[in-house]
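Hi,

Here is the structure I promised to pass on. Have a look at it first, and my notes follow underneath.

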Amino acid sequence: MLYLDHAATTTMRPEALEALDEAHHRFNANASGQHSDARAAKNALEDARERAAGLLGMDQPHGIVFTGSGTEADNLAVIGASLASQRRTVAFSGIEHKAVLNAAGSLKRFGYVLHVLPVTSDGVIDRDAVSLVAGREPALVSVMLANNEVGTLQPLLEIAQQLREQDPQIVLHTDAVQAFSSQEVTFPRTGVDMISLSAHKFGGPKGVGLLAVAPGVTIEPLIHGGGHEAGRRAGTQNVAGIVAMVAAMEAAAQDRAGFTTRVGAERDAFEGVIVAQHRGAVVTAGTAHRLPHISHMRFPGVLAETFLIRLDMSGIAAAAGSACQSGAVEPSHVLTAMGYDDVATGQFVRFSFGWDSAEGDGLRAASVVLDVLRDL
Ligand code: PLP
């Protein structure tokens, strides 16, 4: 199988696997306990917090809140910061992950007003809309650094500066879940107040994430209990998972330039061959600033669902739309926000490469994809 679904989840990095295994053995105690085994687990947890904070350009490790997923980090950011604010307006781009969209949507029945920032046909946020939203005194603005379907990157620092100039009180959040493997994700580079990450997108285990919160930003906890994570997220911490996530963060951060070159070369070779040899194939947002590992393409006249099944039978794992819990393919809200109609949205497929994609995978995959297209 040629696995080209790394944006859904990627292979664990060896550094993370090793850290996970070791931490399971060495730090099995509850980090909140009073004995020496518990202290060892607590030390490992706080060491991981410090290292994660360092990687994100934070002076204080206190701002790191470990969570059970990227979804939870997004919910904590969007709902937590909105509840902590006196304001009752929340804004976000139309191409955010469902974790942000639906978290914001849940605020509606508590009287919050939602504003959706429109995007261009390339999936880049409309800057006039940013200006307009800043005038509405939002509690929070959430803009993802990179989109998980089409791979478009936002000029986040510029957007953040624009918003702050107009209204210094806005709390800014970014979902950087897809961006971490290739982009420098730090507070100074993004200009935001909160950053969400998910371990399994950059080579860590599933079911672990974090929300990094800048000093001075207040969030209401969503999960109440024993006061873990300085009262911001109760629940016994998954020390081994957290330690493995931070090991993956370090490995991914060190490998960023290499990842971009290696993976980008495979992706570009893949797209180059397909566009040259299949009439009508179009790369989505092809001229926009994009993540190096995502190739999102439209094949007019080819139904994505059928295409995916045939690809699977031919040994290629790819994705279309966003697979929901039932495994069904729903029309993509991202493509709808970019202006595509219902017929068009059913004709897009996402191929995503990863840190362990091998040299030649791009051309090998292109050859299989072209065979399947010829058959179809
Ligand atoms: N945000 C983005 C951009 C994602 O791609 C994903 C995963 O698909 C998430 C959030 C959710 O992360 P998790 O799978 O850890 O809940």
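Two helices, α6 and α7 (187–190), each put at least two residues into the lining of the second largest pocket. Helices here are DSSP runs of H or I with at least four residues, strands are runs of E with at least two, and both are numbered from the N terminus. On a 1 Å grid over the protein atoms alone, a pocket is an open set of points with protein on both sides within 12 Å along at least five of seven lines, a cavity is a set where a 1.4 Å probe fits but cannot get out, and lining residues have an atom within 4 Å of a point. α6 has the largest share of this pocket's lining, with three residues. The full lining is L145, L153, Q154, P155, L156, L157, E158, Q183, E184, R189, T190 and H289. By class that makes five nonpolar, four polar and three charged (nonpolar: Ala, Val, Leu, Ile, Met, Phe, Trp, Tyr, Cys and Pro; charged: Asp, Glu, Lys and Arg; polar: the others, Gly among them). Its volume is about 280 Å³, where a volume is the space filled by probe spheres set on grid points joined across faces, edges and corners.

Before you go further: this is a predicted model, where local features need pLDDT of at least 70 and side-chain atom pairs count only at pLDDT 80 or more, while totals for chains, interfaces and linings use all residues. Residues are numbered from 1 along each chain as its sequence is written, and side-chain values use heavy atoms, leaving out hydrogens and water.

Now the cavities. There are three of 30 Å³ or more. The largest holds about 90 Å³ of space. It is lined by 14 residues, and T10, S181, K201, F259 and H293 are the closest to its centre. Seven of the lining residues are nonpolar, six polar and one charged. Where does the largest cavity lie? It sits between domain 1 (2–10 + 256–375) and domain 2 (14–254), because both give residues to its lining.

The second largest cavity has about 40 Å³, and α6 turns up again: it gives the most to the lining, four residues. α6 (156–166) and β6 (171–175) each supply at least two. Eight of the lining residues are nonpolar, one is polar and none is charged.

About those domains: the bounds come from an automatic or database domain assignment. The centres of domain 1 and domain 2, taken over C-alpha atoms, are 27 Å apart. Their contact takes 30 residues from domain 1 and 35 from domain 2, with contact meaning heavy atoms within 4.5 Å.

As for the whole protein chain, it has 13 helices and 14 strands. Its C-alpha atoms fill a box of roughly 65 × 50 × 35 Å along the principal axes. Of its 376 residues, 57% are buried (under 20% relative accessible area with a 1.4 Å probe, protein chains only; exposed is over 50%, partly exposed in between).

Two residues may catch your eye. E137 is not a glycine, yet its phi is positive, near 50 degrees; E137 is in the loop between α5 (127–134) and β5 (140–142). A285, also not a glycine, has a positive phi of about 50 degrees, and its place is the loop between β9 (282–283) and β10 (294–298). A285 counts as buried because its relative accessibility is 4%.

Cheers
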